[in-house]
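Student: Can we go through this one together, label by label? I'd like to hear the reasoning behind each term.

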Amino acid sequence: MWMAETSSCETVGPAGCGEDGADPSVCAPQWCAAGRDDAGKPCSAGQPACLPQGDLCPAHEDATQAVACPAGQFPAREGAGCATAGAEVADVNGHLAPAAKGALWPELPPVPADWPDAPLVPAAAPGQTPVPLWCADSAGAARACAASESGCPVGYAPGPASSGQCAALAGPSWVCPPGFDVSGGVGAPQATLSCVPAKSTCPAGGADGFAWSEDLPGTVYVRAGSPTAGATGARSAPFATVTAALGVKPQRIAVAAGTYPEALTLKGAVELVGQCAALVQFQGPPDQPAVHFSASAQGAAVARVTLRGGSTGVLVAVGAKAAVREAWLHKVGQVGAVVQGQFALRDTVVADVEPAADGDLGSGLVAIKAGAITAERVAVERARLTALLASGPGSTIAGSAVSVQSTLPGVTAKEAGSALAAVDGGGIALSQVRVTASTGIQALATGSGSHLALTEAAIAEAAAGGAGMASAAVVATGGASVTLDRVRVAQNAVGGIVAYDAGTKVHLAHVLVAATAPDPATAKLGGGVDIGDGAHLHADGLRVFANRATGLRLWDAATGDVARVLVDHTLPQAADGSLGRAVEVSAGATLLLRRARLANNRGIGLFVVDAASKVRADDLVVDHTGPDDASGLYGTSAAVANGTLRIVRGRLAHGHSHGAAAVMGGQLLLAGVAIHDIAALPQSGQFGLGALAHQGGHATLLGCAIARVRQAGVTAATASSVTLVGTTVAQVEVEAASAAHGVGVWAYPQATATLRAVRVAQSHGAAVATFRGTLDVRAAVLVDTLAASGAAATPGGLVLADGLVAREAEQVAVRDCWVAGNGRAGLFFDGPAVKGATLAHSVATQSVFGLVTQRGAVVARTASWIALNSQQNLAGDAGLSAPEPPQLAPFDVQVADKPKK
């Protein structure tokens, strides 16, 4: 454009917007994006260690991987080109959500509130539901579903064959193992049920009381009450006791119905088989195990009997190989089975173990000294302290189809009951597991080398222990590890999954954590997943639903890598109605969050607090965050207090907010993020802000799009700064309560806003504004500012509707900008700028006033075109029809309170 003051042609406006015939109402300036690693080298923005950077395109001419995009767009996920910010966010299953026809962003599917759940739900296809799904491979192992596959939601497993339905994970298909009947009444709570031997399954005894139609080689027979004189162990002359039968070293001992008050010591490969557990009972003396498998027992077994009494039910010595099947260990002494060798249980129930005289123990199955227990179709009921315990290096419990019910605290020490416990290097690995109604902890792993692995399990209905007792569904501490695959953790007390201590690791795959209840004593807590004190969380396929206070929390140097996660419907803390946050990262913890949705939570969706706390979120959706129930404040999608948060590709939508994204004293990066449809707080009618930097915080927005927010699109408040590159802000409404503000981007006292290749359109008040702050605006398009309605009028009755407003600014620099079509002034400078104001290579046109300077404002102009404004191109204190000064004032806003422990 020809400039008379320079007698030369000068470039004005942003690249692509200054050409003849360009329409500023649709023009979007161009920016360039590149990825850089921590060393500053170019990298692919898709890599976790690579962070996007952006600037005006000439600054990236030497960056071989730089991608040019118009404002409001971000480099596309695959291939060349760009995509609208927020439109390409992957859903929690890893597939792109289809865009609704004609919509700027895809519609967000509703999040189902499915608790309590139906026993069967339809299998779901990716894109039809936001719940993480899983599919099975050819070997039956779980994996993420392919784009063309239907799958089951986490917490569910395939239902009846070919039904196309999924059933809630509930552990074994039986309430009691084969050979046992359910006692407790139809419809009674599972915690009150008992499994008792079923007489209906007992084989009919012959005339001699034995249930075998023919003699088996090597069999010795025992019948209670038989004469001792002349007893040989033959079927026609049975022994009266098993002890007598063992004296002839048989291969097999057949035991008829009756009660046998004796302790058994088994050696070699002898097999003892009763008629059935309902009819054959052994009563051990109080000073000996009811059954002792000695070190020489190699293949010894006991089957189809009831064991009672004894100093313990079964003792398996070091080196022994033994088995018990189809047995009822009922009211045995102190421990159901203590295993130091190798021990297999099948179709067996361990119930109501009696504590010692001093109140100690009462445990179910215990593996120590490298003992190994294998369990198949086993139930353990109402044990004390521990139901299944693997203690010490090499001690293991493994198997499938295991039910553990109603584990109780200790009698005297009042220690919490732990249904499953791997301690001091022990390990538990079980599939098809049901753990219910423990008082205290349902599953525990503690100590370096300890490991707990559960597959296809249900962990439900844990009750809180008394004062001083730990309570949670799953706990890992002291360097232990926990692996949960296809597990439902539901309706437990105080905590869902809890891990702490350096070296502790938790691996979750296809896990549901739901409806954790608060501590009944304090009405506090009730969180879903809580990882702290240096522990590590890895998760793929996780839903955290309807818990209390916090859905997912990492604290005190914990680390996490979480993918395909939905955290929704978190409830406030019962004690005071506060909290209800989806994700909180504090005290130096770090989290990598991928393909996540945080929906229908309270207070804050994602909260990062404390200087060393860091979160990177790729493909993040935070929507429908409601205000804190107790205070009526916040409703913020993502907030940072002195920490660091980076969101790459995301949507923050449909909230009530102090700031959909807010940072106080920390660092916030939004790249390819859309912020839209943020409403004012219901109680006060205030706020509804887009992005906010406050009290020393800094926010950077690259390739973002903000629309349909209230009061301000992007704000730099006291002593803070914002940098916008390639970002669009549109349709900023006035605050509902006061009808004030309606500013696209603004900086108030001691704050700085830096804009590069930004487009701000259709704000109701001002596109860009500062009050005693600093503006650095380059290659921006500020257009179509609308008059605010109602009470937004200035004292002279004129309504604020300006492109750029600077009142008593610290410093203002405007270069290569296009300011057009605004309802009042294109550029309005009021009061002196402390360090000066400059306008260069810019256009101000098609407004009522072009450039207004008042109250001593001086603007140094270079090669700028101010023309075709409807009333005056240049207006000032001495001019005609000069508008009233703009009335701008800071507003009071908080980012968030500190976390409540």
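**Labels and their reasons**

Tutor: Sure. Keep in mind that the model is predicted. Let's begin with empty space: the count is three cavities of 30 Å³ or more.

Student: What makes a space a cavity rather than a pocket?

Tutor: A 1.4 Å probe fits in a cavity but cannot get out, whereas a pocket is an open set of points. The largest cavity holds about 50 Å³ of space.

Student: Which strands each supply at least two residues of the lining of the largest cavity?

Tutor: Strand E7 (73-75), strand E8 (82-84) and strand E51 (644-656). The lining residues include Phe 74, Pro 75, Ala 83, Thr 84, Arg 649 and Gly 650. Gly 672 is also one of the lining residues.

Student: On to the cysteines. Why are Cys 135 and Cys 145 called a disulfide?

Tutor: Their sulfur atoms are 2.2 Å apart, and the cut-off is within 2.5 Å, so the pair qualifies. The torsion about the S-S bond is 100 degrees, and the link is right-handed. Cys 135 lies in strand E10 (residues 133-136), while Cys 145 is in the loop between strand E11 (142-143) and strand E12 (152-153), ten residues apart. Both Cys 135 and Cys 145 are buried.

Student: What makes the disulfide of Cys 152 and Cys 166 left-handed or right-handed?

Tutor: The sign of the torsion. It is about -85 degrees around the S-S bond of Cys 152 and Cys 166, so that disulfide is left-handed. Cys 152 sits in strand E12 and Cys 166 in strand E14 (residues 165-168), so parts 14 residues apart in sequence are tied together. The sulfur atoms of Cys 152 and Cys 166 are 2.1 Å apart, and both residues are buried.

Student: How do you know that Cys 202 and Cys 276 form a disulfide?

Tutor: Same test: 1.8 Å between their sulfur atoms is within 2.5 Å, so they count. The torsion is 75 degrees, and the link is right-handed. Cys 202 is in the loop between strand E16 (194-197) and strand E17 (219-222), and Cys 276 is in the loop between strand E21 (271-274) and strand E22 (280-284), 74 residues apart. Cys 202 and Cys 276 are both buried.

Student: How many disulfides are there by this rule?

Tutor: Seven.

Student: Why is Gly 551 called buried?

Tutor: Its relative accessibility is 0%, and buried means under 20%, so Gly 551 qualifies. By that cut-off Cys 704, at 1%, is buried too, and so is Cys 817, at 0%.

Student: Where is Gly 551, and which residues does Gly 551 contact beyond its neighbours within four places in sequence?

Tutor: Gly 551 is in strand E44 (residues 550-555). Its contacts beyond those neighbours include Gly 528, Val 529, Val 544 and Arg 581. The C-alpha atoms of Gly 551 and Gly 528 are separated by 4.7 Å, with their positions 23 residues apart along the chain.

Student: What makes you say that the charged end of Arg 543 sits over the ring of Phe 545?

Tutor: The charged end of Arg 543 is 4.4 Å from the ring centre, and the distance limit is within 6 Å, so that part of the test is met. The other part is an angle within 35 degrees of the ring normal. Arg 488 sits over the ring of Tyr 156 in the same sense, 5.0 Å from its centre.

Student: And how many aromatic pairs does a search of the whole structure find?

Tutor: Five.

Technical notes: Residues are numbered from 1 along each chain as its sequence is written. This is a predicted model: local features need pLDDT of at least 70, side-chain atom pairs count only at pLDDT 80 or more; totals for chains, interfaces and linings use all residues. Side-chain values use heavy atoms; hydrogens and water are left out. Rings of Phe, Tyr and Trp (its six-membered ring) pair if their centres lie within 6.5 Å; planes under 30 degrees apart count as stacked, over 60 as edge-to-face and the rest as tilted. Buried means under 20% relative accessible area, exposed over 50%, partly exposed in between (1.4 Å probe, protein chains only). Contact means heavy atoms within 4.5 Å. On a 1 Å grid over the protein atoms alone, a cavity is a set of points where a 1.4 Å probe fits but cannot get out, and a pocket is an open set with protein on both sides within 12 Å along at least five of seven lines; lining residues have an atom within 4 Å of a point. Grid points are joined across faces, edges and corners, and a volume is the space filled by probe spheres set on the points.
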